[in-house]
Amino acid sequence: MIWHTIDGILFGVISIYFLQKKWHFSSLLLLLFAALTKQSFVIFGLGVFIILVKDFCKDFKFNKKDFLLFSFGILFLIIILFQYHILENYKLFLEQVFSSSTPSGFYKNSIEPYLFEKNWQSILLLLGLITLYFIKVKREILEFIVFILFPILVLIPIFNDGVFLGIYSMLLILIVLFLKFEPKNKVIFLMIFLAWSAGISWGYNSPIFLVFILMLKFIETKKQYFYLLWIIVLISFLFSRLKNTYLSDSIFTTKYVFVENMPSISGLLISENEKKYVAEANSIEKKYKNVVFLPGSPILDLINGKFLNRASWEMDVEYPNLEKDTQSLKQNILAIDKKQLPMFKDGFYKSSFTFEIIKNKKIIAETKYFIIYGH
């Protein structure tokens, strides 16, 4: 997913930087940090580790600053291990970071996204990449094409429900371009390797976080235009977020208001519908003191300051306490979100817990946003 992917990219990029500086110990430490954020960064780590060992054996020179940074990093790691009780819960930690996977799962998340649904389209792409590599064309012409493609790819989300297009193909094109013009640039190919590793994920499996950086690297002779490109990026990001607000109404289609006098969310700018939703949930909470909101409304738990050891996010894929909570919450009143219920009935976001726990309950009330179940 996005959050630990960003962490892994941060540590991975710094590791590459230290490798370039010949700070072998620090590079090794950052590789370890990257590998501990997400399973796929282990692949990146092993690849860079081989290069690191080769460099170490070939041209190692002791660097005092490198060793000091490494020592502080190890000390920091030890503190983290004890501070967050990782050692005593190492099995849970390893299960979280290194979840089991299958060869088919690896193929689905690391190779399949770069192919088209129809075989003939994938074959055309492959032939196009081969032609691009062997055709004689000046780099300046290809730089101009990449320069034009950059704002086009950046602006697509505004007109495509916030979704990027062409990112996987663009990474393949960049690989060919760098093989063609900078085949010995080790740092570039480590960055490409990092981008591919970052994209191996069951959630948001995309190399997007490094694709645009690699595009800028290829057209770095046009640095005078970078400020213009950055402005385009910021405008696109702003408008696509406003137009396609995550799990919310767009500010362009509904009235937004500031929240006042409400725990946890006062000062936030939210849609008027969401404010009414929260207000209705608060009135339900006042009427039924032991109410649980299902299937996925953690914000309501925060606002009400209840269920501090659990949050309302009862999806099978991310819910380890399903059996335990089914028993412990039997006597609770349940407020089921009308809009969410169909979405959580089956598929990836299935919530077996929600449908299991309401079997032995009856509807005791109904509001605009919720169905209330009780005894």
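# Close-up views

**Figure 1. Helices α8 and α9 pass each other in a left-handed crossing.** Welcome to the first close-up; the model shown here and in the other views is predicted. Helix α8 covers residues 139–159, and its axis comes within 13 Å of that of α9. The two axes cross at roughly 160°; since angles over 145 degrees count as roughly antiparallel, α8 and α9 are therefore roughly antiparallel to each other. On the α8 side, the contact is made by Arg139, Leu142, Val146, Leu149 and Leu153. Their counterparts in α9 are Met170, Leu177, Lys180 and Phe181. By class, the residues of this contact of α8 with α9 comprise seven nonpolar and two charged, with no polar ones.

**Figure 2. Helix α9 also packs against helix α7, here with an angle of about 25° between them.** Helix α7 spans residues 119–134 and helix α9 spans residues 167–181. Their axes lie 9 Å apart. Angles under 35 degrees count as roughly parallel, so α7 and α9 are roughly parallel to each other. The crossing of α7 with α9 is right-handed. From α7, look for Leu125, Leu129, Leu132, Tyr133 and Phe134. They meet Ser169, Leu172, Ile173, Val176, Leu177, Leu179 and Lys180 in α9. The residues in this contact of α7 with α9 sort into 10 nonpolar, one polar and one charged. If you compare this view with Figure 1, you will find Leu177 and Lys180 of α9 in the contact with α7 and again in the contact with α8.

**Figure 3. Ser169 sits in helix α9.** This view zooms in on one residue from Figure 2. Which residues does Ser169 touch, not counting those up to four places away in sequence? They are Phe116 and Leu125, and Leu125 belongs to α7. For a sense of distance, the C-alpha atoms of Ser169 and Leu115 are separated by 8.4 Å, although these positions lie 54 residues apart along the chain when counted as a sequence separation.

**Figure 4. Phe147, a residue of helix α8, takes centre stage.** Is Phe147 buried or exposed? Its relative accessible area is 14%; buried means under 20%, so Phe147 is buried. Leaving aside neighbours within four places in sequence, Phe147 is in contact with Ile219, Lys222, Tyr225 and Leu229. Phe252 is 105 residues from Phe147 along the chain, and the C-alpha atoms of the two are separated by 31 Å.

**Figure 5. Helix α11 is mostly covered.** It runs over residues 208–218, and eight of its 11 residues are buried. If you would like to pick them out, they are Ile208, Leu210, Val211, Phe212, Leu214, Met215, Leu216 and Phe218.

**Figure 6. Four strands make an open sheet of mixed pairing, in the order β3-β4-β6-β5.** The edges are β3 and β5, each of which pairs on one side only. From one strand to the next, the twist averages 30°. Strand β4 covers residues 333–337 and runs parallel to β3, with four bridges joining the two. Within this pair, Leu294 has Ile336 of β4 as its bridge partner. β4 is also joined to β6 by four bridges, this time antiparallel, and Leu334 is partnered by Tyr373 in β6.

**Figure 7. Strand β3 is covered on both faces.** This strand takes in residues 291–294. On one side lie Val291 and Phe293, on the other Val292 and Leu294, and all of them are buried.

**Figure 8. A hairpin connects β5 to β6 through three residues.** Strand β5 spans residues 362–366 and strand β6 spans residues 370–374. Their pairing is antiparallel and has four bridges. Look for Ala365, which stands opposite Ile372 in β6.

**Figure 9. The whole chain, with its 17 helices and six strands, puts the close-ups in context.** The C-alpha trace spans about 75 × 50 × 45 Å along its principal axes. How much of the chain counts as buried? The figure is 41% of the 375 residues. Among contacts between residues at least 6 apart in sequence, 65% join residues at least 24 apart.

Note on methods
Residues are numbered from 1 along each chain as its sequence is written. This is a predicted model: local features need pLDDT of at least 70, side-chain atom pairs count only at pLDDT 80 or more; totals for chains, interfaces and linings use all residues. Side-chain values use heavy atoms; hydrogens and water are left out. Axes are lines fitted to C-alpha atoms, for helices over the stretch in contact, and angles run from 0 to 180 degrees between N-to-C directions. Angles under 35 degrees count as roughly parallel, over 145 as roughly antiparallel, 65 to 115 as roughly perpendicular and the rest as oblique. A crossing is left-handed if the near helix is turned anticlockwise from the far one by less than a right angle, and right-handed if clockwise. Contact means heavy atoms within 4.5 Å. Ala, Val, Leu, Ile, Met, Phe, Trp, Tyr, Cys and Pro count as nonpolar, Asp, Glu, Lys and Arg as charged, and the others, Gly among them, as polar. Buried means under 20% relative accessible area, exposed over 50%, partly exposed in between (1.4 Å probe, protein chains only). Two strands pair if DSSP finds at least two bridges between them.
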